[in-house]
Amino acid sequence: MKVKNKLIVLIALLLTIFTSKAQIANDTELYKNIIKKDSLLFNIGFNTCEVNQFEKHLSSDFEFYHDKGGQQNKVAFLNALKNGLCKSPDQYQSRRELLNYSTKIYPLYNNKKLYAVIQTGIHNFYETFNNGKEQFASSANFNHLWLLENNDWKLKRSLSYNHKNKKEIQTKDLFNPFELKKWLIANDIPILGLGIINKGQLEEVKVIGNLNKNKKAPINTIFNVASLTKPVTAYVALRLVSQNKLSLDEPVYKYWTDPDLKDDERHKLLTIRHLMSHQTGFPNWRDGKLKFQFTPGTKYQYSGEGFEYLRKVLESRFNKSLSALASELIFEPFSMEDTRYVWDDKIEEQRLSLGFDKSGKSYKVHKRKVANGADDLLTTIEDYGTFLTAVLNGYGLSEHVFKEMQSNQVSSQKGKHFGLGFEKYDFRDGNFALSHGGSDNGVQTIVFIFPKTKQGMLIFTNVDDGYKVYESLLSQYLGEYGEEIIEIETKK
């Protein structure tokens, strides 16, 4: 049989298997044995250039099909390893990484006797030049045909195809769920939550990725959104101001004063406006004792302490917890049933997105028992998107307070300003966006809303370097405004 015909037969066989429901569970001995063989060939053989592993575990008539490099038999494949990829490891190294959750294994039987399996999945490749920093090279699909020869599994056929480098992946249409998932895999993003707002309504919600290797992330995945907590806390205060129960410019010391500041007369200058626009003079977080680093109201400095101060002012003034106030003023009116400041027994932990570091190691879940006005809000894309649509439409705010929220309260950085609870981007055409981000261990989140055009976008990720996907998503979904945001953020 000619090579072309052999390949057509093999592909037909694969397609037949893929459309069946014969996939085996990953806790079976067969699955574990195949994954062990895969590891011997690639984690040891390919990644460390121990070519003898391929000599041992490839079938004698092994054939390899690559969409970029053509077709090879066993001899040609081994020669390519020895004289190409593995010739000078100090100058060049390639590492293959199997994405475990993508792997599926299908057994093949002849008269009820197991004789082969087909393994499918996605693998990523990384390159190192001259012992430098490892870089992503490409992502590809693969199909492996393993044959049982003398009670030992041998790799008989290997197809590696649909290779895409980072640039090719990023230029694909990210509106396509399949391409979006491929792109996320290539960028090592475990889970992406994406929300799109149009005409003042949450139009689209996507959650792509896996909670773990066995479970797909549901549409209502719960994320820790870090500093996206601050806009919610600010909106609680703004609603109370709109109800004439607070004033933006009244001194807050009459309601609460931090014990660390009682002997510093500057604490009497602090107002709700200062707390929400990062003009307190506080550091981001105190190092032991809270101190002013400058006089309140004189300049901008981002501060989580400012929003914790706001929480304590609100709780003291109204004799209610921030959680209770938020439930009364935001969560219940907006039906945000999956949003909370603290961990409680109503949280469905099986929907919780774990946070990961860059190496793929998960962080311990922080089960907060006391609300923090600046950090650790738990929510979903739908809930937070619903909140943002309320903000866009000024729900529950007086006309004056709504205008103040969107106004330039203080210059922040890179030509931007802070309003009340949100940072503000002013665009060349006169439009503007309100934005906020969140960054903690295993958390990278950001949102943008456009009050004039009633548009918005939410991006939630659960990995330390999730910010690396922002640029492509902003360009794809926000067009020229996304490009201008990137221009602002990248200027020196």
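How many bridges join β8 to β9, and which way do the two strands run? Keep that question in mind as you work through these exercises.

The model is predicted, so local features need pLDDT of at least 70 and side-chain atom pairs count only at pLDDT 80 or more, while totals for chains, interfaces and linings use all residues. Residues are numbered from 1 along each chain as its sequence is written, and side-chain values use heavy atoms, with hydrogens and water left out.

**Exercise 1. Follow the pairing of β8, β9 and β10.**

Solution.

Step 1. Helices (H or I, at least four residues) and strands (E, at least two) are DSSP runs, numbered from the N terminus. Two strands pair if DSSP finds at least two bridges between them.

Step 2. Here is the answer to the opening question: eight bridges join β8 to β9, and the strands run antiparallel. One pair to look up is Ile 197 with its bridge partner in β9, Leu 202. The hairpin of these strands has two residues between them, and Lys 199 there takes a positive phi near 55°.

Step 3. Carry on to β10, which two bridges join to β9, again antiparallel. The bridge partner of Asn 212 in β10 is Lys 215, and a hairpin of two residues links β9 to β10.

Step 4. Now turn to β18 (residues 455–461), joined to β8 by six bridges in an antiparallel arrangement. Gly 193 has Phe 460 as its bridge partner in β18.

**Exercise 2. Place these strands in their sheet, then find a helix that packs on it.**

Solution.

Step 1. As a reminder, strands of a sheet pair through backbone hydrogen bonds, either parallel or antiparallel.

Step 2. Nine strands form an open sheet with antiparallel pairing, in the order β10-β9-β8-β18-β17-β16-β15-β14-β13. At the edges are β10 (215–216) and β13 (410–411), each of which pairs on one side only.

Step 3. Helix α6 packs on the sheet, where it touches β8 and β9 (201–212), and its direction makes about 45° with that of β9. Axes here are lines fitted to C-alpha atoms, for helices over the stretch in contact, and angles run from 0 to 180 degrees between N-to-C directions. Contact means heavy atoms within 4.5 Å.

**Exercise 3. Describe the largest pocket and its lining.**

Solution.

Step 1. Start with the method: on a 1 Å grid over the protein atoms alone, a pocket is an open set of points where a 1.4 Å probe fits, with protein on both sides within 12 Å along at least five of seven lines; lining residues have an atom within 4 Å of a point. A volume is the space filled by probe spheres set on the points, which are joined across faces, edges and corners.

Step 2. The largest pocket holds about 1000 Å³ of space. Its lining has 32 residues, and those nearest the centre are Glu 97, Tyr 126, Asp 188, Lys 358 and Gly 360.

Step 3. Sort the lining by residue class: 14 are nonpolar, seven polar and eleven charged. Nonpolar covers Ala, Val, Leu, Ile, Met, Phe, Trp, Tyr, Cys and Pro; charged covers Asp, Glu, Lys and Arg; the others, Gly among them, are polar.

Step 4. At least two lining residues come from each of β3 (92–98), β6 (135–149), α6 and β9.

**Exercise 4. Compare two residues with positive phi: is each one buried or partly exposed?**

Solution.

Step 1. Buried means under 20% relative accessible area, exposed over 50%, and partly exposed in between (1.4 Å probe, protein chains only).

Step 2. Asp 188 sits in the loop between α6 (177–186) and β8 (191–198). Its phi is near 60°, a positive value in a residue other than glycine. With a relative accessible area of 30%, Asp 188 is partly exposed.

Step 3. His 278, in the loop between α8 (272–276) and α9 (304–318), also has a phi near 60°. At 1% relative accessibility, His 278 is buried.

**Exercise 5. Which residues does Tyr 470 contact, leaving aside its neighbours within four places in sequence?**

Solution.

Step 1. Find Tyr 470 in helix α13 (residues 470–490); its relative accessibility of 12% makes it buried.

Step 2. Beyond those neighbours, Tyr 470 is in contact with Gln 444, Thr 445, Ile 446 and Ile 459.

Step 3. Check one separation: Tyr 470 and Ile 446 are 24 residues apart in sequence, and their C-alpha atoms are 8.4 Å apart in space.
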